[in-house]
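Me: Could you take a close look at one part of this model for me? I'd like to hear about a single helix and what it packs against.

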Amino acid sequence: MIQPRTPRRRELGEFLGARRKATSRGSLGLPPSPRRGDVGLSREEVAALAGVSASWYTWLEQGRDINVSQQVVSAVARVLRLTPDESAYVLSLTQSHSEPPVPRDEAPAHLQHLVDALDFPAFILTTDWAILGWNAAYEWLYPRISSLDASDRNLLWLVYTDPQLRRMLPDWEQDSRRFLAEFRAEAGVRLAGPPHRAIVDRLREASRDFPQHWSELGVARFESRRRQFRHRTTGLVEFEHHRLVPSDAVDLHVVMYVPVGATAHSTS
């Protein structure tokens, strides 16, 4: 019996449909289509190339809660030319929903002590990117953090709604999209949960740019990298952006901006 759509399967269907319509036909050895031209596949073509029935793939895109194996996900990912990050995201949406993390209102004392001991910017994030704690160096970088209402201390919310934070990012268009792609990749099945849906729905209403960026369905796992910020007094500062998951608090991330070059002296 085919079960009705669930939020995570609806997300899966929308993602697969968008990637199917953007797939190069030439990359698969297919000629241009009278209807689609050089870009875009029909559901029947995806099914044939992946070795599954057209009905089954149609149900998958429709968000039906059908059985999906890792082997079949890999076949569909190959046809749609998904990146490793996108493939992992698709697989996560087909798996059983794990128990949601216990909501937290404040950072565990030992993690707050850890970030306080660091002399470079660091803060603590929940799975829905609420900022639970931070250190003095992060407040040096972003002074508004201490005066914000707790409901607004969410990294994704601030990236899209705070003009000051936007001015701090030299390439806001790229950074905001990268953050959003990481948020989606990490959320996986949790996107259907209340905390994640709440921040997404709130941003849809509050931000002019967010709906368009969200509809692009970017997916990218976190990678440590160099980041630049415009500091109000120091000017352009550069950091290595790292993130750790504590083994005794796996629902949290400790984000660290390790100074590079001259920035090492300006934050001390």
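Reply: Here's a walk through that helix, starting from one residue.

This is a predicted model, where local features need pLDDT of at least 70 and side-chain atom pairs count only at pLDDT 80 or more, while totals for chains, interfaces and linings use all residues. Residues are numbered from 1 along each chain as its sequence is written, and side-chain values use heavy atoms, with hydrogens and water left out.

Let's start with Glu11, which sits in helix 1, residues 7-22 (helices are DSSP runs of H or I, at least four residues, numbered from the N terminus). Glu11 is buried, at a relative accessible area of 8%; buried means under 20% with a 1.4 Å probe, protein chains only. Skipping neighbours within four places in sequence, Glu11 contacts Tyr89, Leu93, Arg184, Leu191 and Leu217, contact being heavy atoms within 4.5 Å.

Now for the helix pair. Helix 1 packs on helix 5 (residues 84-94) at about 150°, the axes 9 Å apart; axes are lines fitted to C-alpha atoms over the stretch in contact, and angles run from 0 to 180 degrees between N-to-C directions. From helix 1, Arg8, Arg9, Glu11, Leu12, Phe15, Leu16 and Arg19 meet Glu86, Tyr89, Val90, Leu93 and Thr94 of helix 5. That contact comprises six nonpolar, one polar and five charged residues (Ala, Val, Leu, Ile, Met, Phe, Trp, Tyr, Cys and Pro count as nonpolar, Asp, Glu, Lys and Arg as charged, the others, Gly among them, as polar).

As for annotation, UniProt's unreviewed entry puts "domain: HTH cro/C1-type" at residues 40-87, and such annotations may be inferred rather than shown by experiment. Residues 40-87 are 62% helix and 0% strand (strands being E runs of at least two), with the end C-alpha atoms 19 Å apart.

Notes:
Buried means under 20% relative accessible area, exposed over 50%, partly exposed in between (1.4 Å probe, protein chains only).
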